[in-house]
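Reader: Before we go through this model, I would like each label to be set against the rule that lies behind it. Could we begin with the terms and then turn to the elements?

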Amino acid sequence: KTIGVVKEYMRIAYSPTENKGRSSVAHLCTEDSVFSAPTTFPDCKTPLDYADSHSKVMSAIADLHITSFDIVFAKAGHVLLRYSAEGSHCGAPHNNIEPSGNKAKWHAAAIFEVRHGKIYSFTKEWDKLHMWKQLGWMRGAEYA
């Protein structure tokens with residue numbers, strides 16, 4: 001059951017059509033849920049904030065999708081996912097960068113804690129610069 005709730009969260013959060021922000025995943029999270037990804041999503045404090053932020057990214061990468069769950073491990077209420085994803089800048093402009101059609105592939109890891117059948121915590125590890133370089137969203141060594 002813990003893996004199921006996490007995969008459902010990921011399915012919705014990574015769906016350009018289903019992720020409408022926090023309301024799309026609120027039913028899967030505890031009221032006191034927390035989120036941590038200080039280097040990639042520093043302003044997000046809950047999995048609901050992440051869904052909001054990710055929906056904005058997906059407006060630019062309108063075909064974003066998870067291609068595989070490479071590692072799935074669950075123990076004592078914790079779920080670890082390592083996953084692969086891909087997409088292209090085929091949607092809205094990103095930070096004033098017009099859609100280029102550039103494609104990107106990347107990997108990330110997520111650690112969840114599930115309590116009473118709902119997500120309590122979500123920690124994300126991801127090198128977003130790798131993706132952003134492929135999409136052309138960098139200005140030299142800086143991201144746009």
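Author: Let us begin with the rule for packing, under which contact means heavy atoms within 4.5 Å. The model is a predicted one, and in that model the buried residues of helix 3 pack, by this rule, against helix 1 (2-13), helix 2 (22-25), strand 1 (29-36), strand 3 and strand 5.

Reader: What makes helix 3 mostly covered?

Author: A residue counts as buried when its relative accessible area is under 20%, and 10 of the 14 residues of helix 3 are buried, so the helix is described as mostly covered. The buried residues of helix 3 are Pro47, Leu48, Asp49, Tyr50, Ala51, His54, Ser55, Val57, Met58 and Ala60.

Reader: How do you know that the span of helix 3 agrees with its number of residues?

Author: The expected span is 1.5 Å times one less than the number of residues. For the 14 residues of helix 3 that gives 20 Å, and because the end C-alpha atoms are 20 Å apart, the two values agree.

Reader: Why is Ser88 called buried?

Author: Ser88, which lies in strand 3, has a relative accessibility of 5%, and because the limit for a buried residue is under 20%, Ser88 counts as buried. Leaving aside residues up to four places away in sequence, Ser88 touches Ala60, Ile61, Ala62, Asp63, Gly101, Asn102, Lys103 and Leu135.

Reader: Leu135 is among those contacts; why does Leu135 count as buried?

Author: Leu135 belongs to helix 4, and its relative accessibility of 1% is set against the same rule of under 20%, so Leu135 counts as buried. With residues up to four places away in sequence again left out, Leu135 touches Ile61, Gly87, Ser88, His89, Ser100, Asn102, Lys103 and Ala104. Asn102 in that list is 33 residues from Leu135 in sequence, whereas the C-alpha atoms of the two are 5.0 Å apart in space.

Reader: What makes strand 3 and strand 4 a pair, and in which sense do they run?

Author: Two strands pair if there are at least two bridges between them. Strand 3 (residues 78-88) and strand 4 (residues 103-115) are joined by 11 bridges, so they meet the rule, and they run antiparallel. Within this pairing, Leu80 has Ile111 of strand 4 as its bridge partner.

Reader: How many bridges link strand 4 to strand 5, and what lies in the turn of their hairpin?

Author: Strand 4 pairs with strand 5 (residues 118-126) over 8 bridges in the antiparallel sense, and Ala110 has Lys124 of strand 5 as its bridge partner. The hairpin that these strands form has 2 residues between them, and His116 in the turn has a positive phi of about 55°.

Reader: What makes the phi of Ala76 worth a remark?

Author: Most residues other than glycine have a negative phi, so a positive value is worth noting. Ala76, which is not a glycine, has a positive phi of about 50°, and its place is in the loop between strand 2 (65-75) and strand 3. Asn95, in the loop between strand 3 and strand 4, also has a positive phi, near 45°.

Reader: Why is Ala76 called exposed, and why is Asn95 called partly exposed?

Author: Ala76 has 72% relative accessibility, and because exposed means over 50%, Ala76 counts as exposed. Asn95 has a relative accessible area of 44%, which lies between the limits of 20% and 50%, and Asn95 is therefore partly exposed.

Reader: What makes an empty space a cavity, and what makes it a pocket?

Author: A 1.4 Å probe fits in a cavity but cannot get out, whereas a pocket is open. The structure holds 1 cavity of 30 Å³ or more, and the largest cavity has a volume of about 60 Å³. Its lining includes Tyr14, Phe41, Trp106 and Met131, and the elements that give two or more residues to this lining are helix 3 and strand 5. Helix 3 provides the largest share, 3 residues, and by class the lining divides into 9 nonpolar, 1 polar and 1 charged.

Reader: Which residues are closest to the centre of the largest pocket, and what is its volume?

Author: The largest pocket has a volume of about 270 Å³. Of its 14 lining residues, Thr40, Phe41, Pro42, Ser53 and Lys128 are the closest to the centre, and helix 3 (47-60) and helix 4 (128-135) are the elements that give two or more residues to the lining. By class, this lining has 7 nonpolar, 5 polar and 2 charged residues.

Methods: Residues are numbered from 1 along each chain as its sequence is written. This is a predicted model: local features need pLDDT of at least 70, side-chain atom pairs count only at pLDDT 80 or more; totals for chains, interfaces and linings use all residues. Side-chain values use heavy atoms; hydrogens and water are left out. On a 1 Å grid over the protein atoms alone, a cavity is a set of points where a 1.4 Å probe fits but cannot get out, and a pocket is an open set with protein on both sides within 12 Å along at least five of seven lines; lining residues have an atom within 4 Å of a point. Grid points are joined across faces, edges and corners, and a volume is the space filled by probe spheres set on the points. Helices (H or I, at least four residues) and strands (E, at least two) are DSSP runs, numbered from the N terminus. Ala, Val, Leu, Ile, Met, Phe, Trp, Tyr, Cys and Pro count as nonpolar, Asp, Glu, Lys and Arg as charged, and the others, Gly among them, as polar. Buried means under 20% relative accessible area, exposed over 50%, partly exposed in between (1.4 Å probe, protein chains only).
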